[in-house]
Amino acid sequence: MLTLGLAAKLVGCAMLFTSVAATSLINKKRDGERLRRIRAQIAFVRFVRDRIERFLSPIGDILRDCDRKILSKMLIGCESDEFFDVEGLRRMLLSGTYYSDGGKIFDAFLGTLGSSYREEEVSGCNSCIKDLEAVLHKLETDLPKERKSRGVLRFCFAAAIVIILF
């Protein structure tokens with residue numbers, strides 16, 4: 001016979017496991033955004049390097065010509081995608097949540113962008129690409145392990161609560 005107390009416990013357990021599953025899905029989406037963001041940063045630096053190397057374009061022209069798809073992936077979590085100079089881009093990126101994965105590398109690159117001659121700019125772009133690719137590689141290898149361990153810990157915690165309830 002199902003009592004009111006047992007029914008409430010069962011509903012609570014179902015809600016607990018549903019919230020654990022939902023949290024896992026949200027974190028999986030966030031992990032995907034982290035990877036997309038760093039890939040977009042690499043694509044942006046490559047675009048800048050190519051424009052400097054081939055056309056000697058000024059930074060303002062490079063930013064105006066940049067593909068909006070790259071910028072929208074890079075600016076996940078930012079309030080606006082309108083900027084006109086490197087400082088505006090830096091402010092927008094700092095207002096978002098991009099800073100954890102390769103953000104310092106990318107911000108340092110933006111800080112030096114447009115302040116030297118062609119060869120030094122290209123060298124800085126290559127260095128930034130190399131560093132960001134190392135961060136991307138580390139993320140690609142670590143995220144599946146982290147995701148798995150987070151999921152196991154969440155479900156174990158939920159199971160422990162269920163055991164305590166019953």
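This report describes a nonpolar core, a surface patch and a buried residue in a predicted model.

## Basis

Residues are numbered from 1 along each chain as its sequence is written, and side-chain values use heavy atoms, without hydrogens or water. In this predicted model, local features need pLDDT of at least 70 and side-chain atom pairs count only at pLDDT 80 or more, while totals for chains, interfaces and linings use all residues.

## Nonpolar core

The largest nonpolar core (buried Ala, Val, Leu, Ile, Met, Phe, Trp, Tyr and Cys residues joined through side-chain atoms within 4.5 Å) has 33 residues, of which Phe44, Phe106, Phe109 and Leu110 touch the most other members. Helices (DSSP runs of H or I, at least four residues, numbered from the N terminus) that each supply at least two residues of this core are α1, α2 (59-65), α3 (68-74), α4 (86-95), α5 (103-112) and α6 (118-165). Helix α1 gives the most, with 9 residues.

Leaving aside neighbours within four places in sequence, Phe109 is in contact (heavy atoms within 4.5 Å) with Phe44, Val45, Val48, Gly124, Cys125 and Cys128.

## Two residues of helix α1

Asn27 is found in helix α1, residues 4-55. Asn27 is buried (under 20% relative accessible area, 1.4 Å probe, protein chains only), at 13%. The side chain of Asn27 makes a polar contact (N or O atoms within 3.5 Å, one able to donate a hydrogen and the other to accept it; residues adjacent in sequence count only if both atoms are side-chain atoms) with the side chain of Arg30, at 2.9 Å. Not counting residues up to four places away in sequence, Asn27 also touches Arg150 and Arg154.

Leu10 is in helix α1 too. At 45% relative accessibility, Leu10 is partly exposed (from 20% to 50%).
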